[in-house]
Amino acid sequence: MQPRARWATKIGMILATAGAAVGLGNLLRFPVQASQYGGGAFMVPYFIFLLIMGIPMMWLEWTIGRLGGKYGHGTTPGIFNLLWHHPLARYLGVLGLVIPFILCIYYLYVCSWTLAFSFFSLGKLYYGFNDLKSMGMFLRSFQGIEKGYFNSILPAYIFFLITFFANFFIMYHGLAKGIERLCKLAMPALFLLAILLMIRALTLGTPDPTYPERNAINGLGFLWNPNFSELKHASTWLAAAGQIFFTLSLGLGTLQCYASYLREKDDIVLSGLAVTSLNETAEVILGGSIAIPAAVAFFGIQAISKGGAFDLAFLSTPLVLTHLPLGQIWGFLWFFLLFFAGLTSSVSIIQPFVSFLIDELNIPWKRAVIITAIAVFIPVHLVIFFLKYGFLDELDFWIDTVSLPLLGTIEVILFSWVYGINKGFEEMHKGAWLRVPNIYRFVLKYITPLCLITLFFIWIWQDGVRIFFLEGVPAENRPYRWLARGLILATFLLCSWLVHLAWKEKKNET
């Protein structure tokens with residue numbers, strides 16, 4: 001058995017875990033979700049779910065991760081096997097390998113777009129485009145979806161390769177010298193860049209006096225003024241719950257993995273609160289105060305209300321920045337901020353599969369990184385070349401919308417009901433500087449699983465069947481959508497076989 005890696009410093013561990021949580025979802029997904037689901041009204045279920053699901057699930061995942069690390073397990077197959085001594089437990093834990101692996105496949109590609117656009121900003125490549133339609137054509141030609149400014153997908157592929165090798169170069173250098181060193185540099189830089197951009201966005205005023213309603217303060221108002229009628233719709237509550245899982249990286253397998261590199265007496269209660277606070281600051285304060293106020297100031301509310309997160313990042317914001325003095329510098333800072341956020345998250349997404357190879361199959365760290373790099377590199381080409389058929393969208397839906405809360409539900413049931421909530425709280429408080437309020441025993445045992453199960457069945461009733469049968473999807477896209485589902489299934493079967501192989505070896509050793 002190899003000696004387990006450890007975090008070199010406490011601050012490095014907190015920044016790395018915060019880096020896993022703070023990503024593109026904070027700066028792009030949150031403001032769009034909030035604005036499309038009632039603005040300030042969206043924040044009602046958002047904060048409710050933060051209190052009854054986000055924070056307790058954060059503590060839970062840190063607890064079971066540190067427990068797993070004590071026994072040499074950094075991923076959910078081994079951790080679940082500790083919580084429930086039954087062969088089924090480790091196969092339920094396969095989800096904690098499949099989810100980050102599939103997410104890594106397309107997250108790296110999206111992250112590479114931000115790196116590309118940071119250089120496009122410096123070179124003023126998109127400065128000839130003056131409206132959302134022409135900017136959309138520029139983006140789609142870069143992605144290879146249609147012909148336009150770019151005649152081939154080669155530029156996108158080159159930036160993907162740079163991003164891909166940067167991620168695995170960092171991973172190759174290990175936990176302390178790779179991931180922790182990156183996050184010690186990237187996280188302070190990320191917050192500094194975000195604060196600079198927030199100040200600039202909020203001081204835009206009214207760029208065009210002929211449209212007095214188009215100003216940055218109205219952008220904030222659009223995001224925060226409540227439309228309480230939206231609270232009648234289950235979709236608003238589902239979106240808020242999904243955002244909490246997405247933003248805190250819950251149900252993903254990464255927090256458990258990072259926590260497994262803690263020592264047995266390392267505090268997790270206060271550390272978990274610190275990470276949550278950093279994440280919420282990045283999301284609610286910074287994420288809500290950059291792109292939307294800037295876009296509304298120049299293009300009005302219509303630029304946001306009908307668009308998605310990608311539209312906000314790659315269409316509206318670049319056009320806004322072209323109107324500013326030194327716009328190419330502000331554009332570079334905006335996209336490099338997104339790249340930093342994506343990079344600190346993507347290395348955490350890669351880690352569970354690497355850790356599984358190390359912990360359960362006893363493969364040395366550097367070799368495990370190389371194997372993982374090869375395993376990711378091959379299927380990512382399906383995302384790159386089939387993007388226009390909805391391949392990425394299909395993967396993203398089944399991973400982010402379905403699988404994250406599903407794995408979270410399994411975790412909370414195993415922790416609270418099988419392992420035992422009292423035993424779990426005893427483990428949680430080893431080395432703790434703070435006490436978790438006792439009310440959270442009740443919350444984790446009853447409220448959190450009930451909410452998760454209820455939301456899951458509401459989703460199946462409202463949208464699940466329709467989505468499963470691809471209603472509304474163009475006929476020419478359906479084979480590629482099924483291919484995406486086949487990739488997820490193949491990954492699940494492969495990981496299940498690896499789990500079987502690992503425990504067979506353990507049995508032979510005993």
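Here are some exercises on a predicted model, each with a worked solution.

**Exercise 1. An aromatic pair**

Task: Find how the rings of Trp 7 and Tyr 258 are arranged, and say which parts of the chain the pair ties together.

Solution: Start with the whole structure, where the count comes to 52 aromatic pairs. Now take the rings of Trp 7 and Tyr 258, whose centres are 5.1 Å apart. Two rings pair if their centres lie within 6.5 Å, and planes over 60 degrees apart count as edge-to-face. The planes of Trp 7 and Tyr 258 stand at 80°, so this pair is edge-to-face. Next, place both residues: Trp 7 belongs to the segment before helix H1 (10–21), and Tyr 258 to helix H12 (residues 254–259), so the pair links parts that are 251 residues apart in sequence.

Are these two residues buried or exposed? Trp 7 has a relative accessible area of 4% and is buried. Tyr 258, at 1%, is buried too.

**Exercise 2. Charges over rings**

Task: Work out which rings the charged ends of Lys 10 and Arg 29 lie over.

Solution: Begin with Lys 10, whose charged end sits over the ring of Trp 433, 5.5 Å from the ring centre. Then turn to Arg 29, which lies over the face of Phe 246 at 4.6 Å from the centre of that ring. Keep Phe 246 in mind for the next exercise.

**Exercise 3. The cavities**

Task: Describe the largest cavity and the second largest cavity by volume and lining.

Solution: A search of the whole structure gives three cavities of 30 Å³ or more. The largest has a volume of about 170 Å³. Its lining is made of 19 residues, and Leu 103, Tyr 107, Phe 246, Ser 249 and Leu 252 are the closest to its centre. Elements giving two or more residues to this lining include H1, helix H2 (24–36), helix H6 (95–123) and helix H11 (234–248). By class, the lining of the largest cavity has 11 nonpolar, seven polar and one charged residues.

Move on to the second largest cavity, with about 90 Å³ of space. Among the residues lining this cavity are Leu 197, Arg 200, Thr 317, Trp 330 and Trp 334. Helix H9 (175–202), helix H16 (309–322) and H17 each give two or more residues to the lining. The lining of the second largest cavity divides into 10 nonpolar, one polar and one charged.

**Exercise 4. An open pocket**

Task: Say which residues are closest to the centre of the second largest pocket, and which helices supply its lining.

Solution: First note the volume of the second largest pocket, about 320 Å³. Of its 14 lining residues, Trp 398, Ser 403, Arg 485, Ile 488 and Leu 489 are the closest to the centre. At least two residues of the lining come from each of H6, H19 and helix H21 (478–509). Sorting the lining by class gives 12 nonpolar, one polar and one charged.

**Exercise 5. Positive phi angles**

Task: Locate Lys 124 and Ser 249 in the chain, and decide whether each is buried or partly exposed.

Solution: Lys 124 has a positive phi, near 55°. This lysine lies in the loop between H6 and helix H7 (132–142). With 41% relative accessibility, Lys 124 counts as partly exposed.

Ser 249 also has a positive phi, near 60°, and is found in the loop between H11 and H12. Buried means under 20% relative accessible area. Ser 249 has 6%, so this serine is buried.

Key
Residues numbered from 1 in each chain as written. Predicted model: local features only at pLDDT ≥ 70, side-chain atom pairs only at ≥ 80, totals over all residues. Heavy atoms only, no water. Phe/Tyr/Trp six-rings, centres within 6.5 Å; stacked < 30°, edge-to-face > 60°. Helix = DSSP H or I, 4+ residues; strand = E, 2+ residues; numbered from the N terminus. Buried < 20%, exposed > 50% of the residue type's maximum accessible area, 1.4 Å probe, protein only. Lys NZ or Arg CZ within 6 Å of the ring centre and 35° of its normal. 1 Å grid on protein atoms, 1.4 Å probe; cavity = no way out; pocket = protein on both sides within 12 Å on 5 of 7 lines; lining within 4 Å. Points joined across faces, edges and corners; volume = space filled by probe spheres on them. Nonpolar A, V, L, I, M, F, W, Y, C, P; charged D, E, K, R; others polar.
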